[in-house]
Amino acid sequence: MHPVHHALPGRPSGPRPPGRTVPGNSTVLDELSQVLFAPLPRSDQRAKGALYLRGLIATEGRKSIRNIAAQVGGPELAQSLHHFIAASTWDWEPVSRALQRHADNELRFTAWVVQALPTPRRGRQAVGVWGVASEVTVPVRWNLLRSGQAGADRVVAATRVHDPSTTGPRPVVLDIPGVDLGPVFDWYARAGAPLLAAVPANLPVLGLGPARESRPLPAARLLQLNRMLRRPARWTDPVTGTAHRSLVAGVRVEWAGHPLLLVGEWADGREQPVRCWLTNLTATPLGVLLRLTRFTRRVEQDYVGSASHVGTLDDYEGRTSDGWHRHMTLAAAAHVAQVVAASRARVRPWTHCMVSMEQMGCQL
């Protein structure tokens, strides 16, 4: 298996010019509903999906099915919507793929972030796939993993970006503590897709430099031994806009059968690196790789800003895994709808200016 040697692809970044006409004069939400629910086999399912999506945006406070029903049709609709989410037969995965394609076409992502976030479901972590555009990040897929016990196939399914032939070879930044990354790097190597993954400081890796190590060493220890390679790199905090400088170094290593680059970042004069990353982007400048790692902070901030508007990880009250995935897929779609509306209305990213859709001045 060969490392990915290309630098970052030169795809145009940033949202599309927001003033384009929506086909058929439909609203953003109507257009998105048509795209998302086209795979659903029944007209009643497509109608319920559009109602639920609209309700996620219209409902203030907790996005319970009862509250959503009250916004889009009255309390008598609650049982029907509950069945649509928790017990219906529709498959959420094609809807998730349609959302990813639509959001990518609208916002023109330059990278993807796959990150774990806390969930109140005991023993599980929620894994979100986020698209990163010039000023915003949006979730396009959610999955559940049982912490520390997920099988390799489940980890790979949760972390890979759908259909590289469609989404293109943009870098994937991965930050999921406590999972086996070996199968993930295997999959990305076979796909020829770029990956940058956070790894624990004690991960054993084999150095491949001029003084090749005879045995694996903990990642932080190997970086500390090669601290003479550190170089300053500038980056801008994606939340505050403040400029910073860190020391960063890269060491060629072998891990899980793959030739990779181990990247370390130092701060505040410390001897040990504060974070360690493995990547197959072996020819990409270290400063670029460091700036890519900062996308995880943008995701965290955008999730905090969006959760109360489109649905949090604990809003779904049912017990089924499929029901949770359906709810979170539509919550991600609600997030995308609001960001696309903000883009077309030529306003700042919605997480910086939105308290409600009315204040944003956008017609969904």
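The questions below ask how terms applied to this predicted model follow from its values.

Q: What makes Glu31 and Arg344 a salt bridge?
A: A salt bridge needs a Lys or Arg side-chain nitrogen within 4 Å of a carboxyl oxygen of Asp or Glu. The side chains of Glu31 and Arg344 have an N to O distance of 3.2 Å, so the pair meets the cut-off.

Q: Why can this pair be said to tie together parts of the chain?
A: Glu31 is in helix 1 (residues 28–37) and Arg344 is in helix 12 (residues 321–344), so the salt bridge links parts 313 residues apart in sequence.

Q: How do you know whether Glu31 is buried or exposed?
A: Buried means under 20% relative accessible area. Glu31 has 11%, so Glu31 is buried.

Q: Is Arg344 buried or exposed, and what value decides the matter?
A: The relative accessibility of Arg344 is 13%. The cut-off for buried is under 20%, so Arg344 counts as buried.

Q: What makes Arg344 and Glu106 a salt bridge?
A: Their side chains meet at 2.7 Å, N to O, and the limit is within 4 Å. Arg344 lies in helix 12 and Glu106 in helix 5 (residues 92–107), so this pair ties together parts 238 residues apart in sequence. Glu106 is buried, as is Arg344.

Q: Why are Glu31, Glu106 and Arg344 called one network?
A: The three residues are joined by salt bridges that share partners. Arg344 meets Glu31 in one salt bridge and Glu106 in another.

Q: What makes Glu265 and Arg294 a salt bridge?
A: The closest N and O atoms of Glu265 and Arg294 are 2.5 Å apart, and the definition asks for within 4 Å. The pair links distant parts of the chain, 29 residues apart: Glu265 is in strand 10, while Arg294 is in the loop between helix 10 (286–293) and helix 11 (295–310).

Q: How do you know whether Glu265 and Arg294 are buried or exposed?
A: Glu265 has a relative accessible area of 6%, and Arg294 has 13%. The cut-off is under 20%, so Glu265 is buried and Arg294 is buried.

Q: Why is strand 10 called mostly covered?
A: Strand 10 spans residues 258–266, and 8 of its 9 residues are buried.

Q: What makes strand 9 and strand 10 a pair?
A: Pairing requires at least two bridges between two strands. Strand 9 (residues 243–255) and strand 10 have 9 bridges, in the antiparallel sense. Ala249 stands opposite Gly264 in strand 10. The two strands form a hairpin with 2 residues between them, and Ala256 in the turn has a positive phi of about 55°.

Q: How do you know that strand 10 pairs with strand 11?
A: The strands are joined by 5 bridges, and at least two are needed. Strand 11 covers residues 275–279 and runs antiparallel to strand 10. Leu261 stands opposite Thr279 in strand 11.

Q: What makes helix 8 mostly covered?
A: Helix 8 (residues 182–191) has 7 buried residues out of 10. Among them are Phe185, Trp187 and Tyr188. Gly192, with a positive phi near 65°, follows the helix.

How values were computed. Residues numbered from 1 in each chain as written. Predicted model: local features only at pLDDT ≥ 70, side-chain atom pairs only at ≥ 80, totals over all residues. Heavy atoms only, no water. Buried < 20%, exposed > 50% of the residue type's maximum accessible area, 1.4 Å probe, protein only. Helix = DSSP H or I, 4+ residues; strand = E, 2+ residues; numbered from the N terminus.
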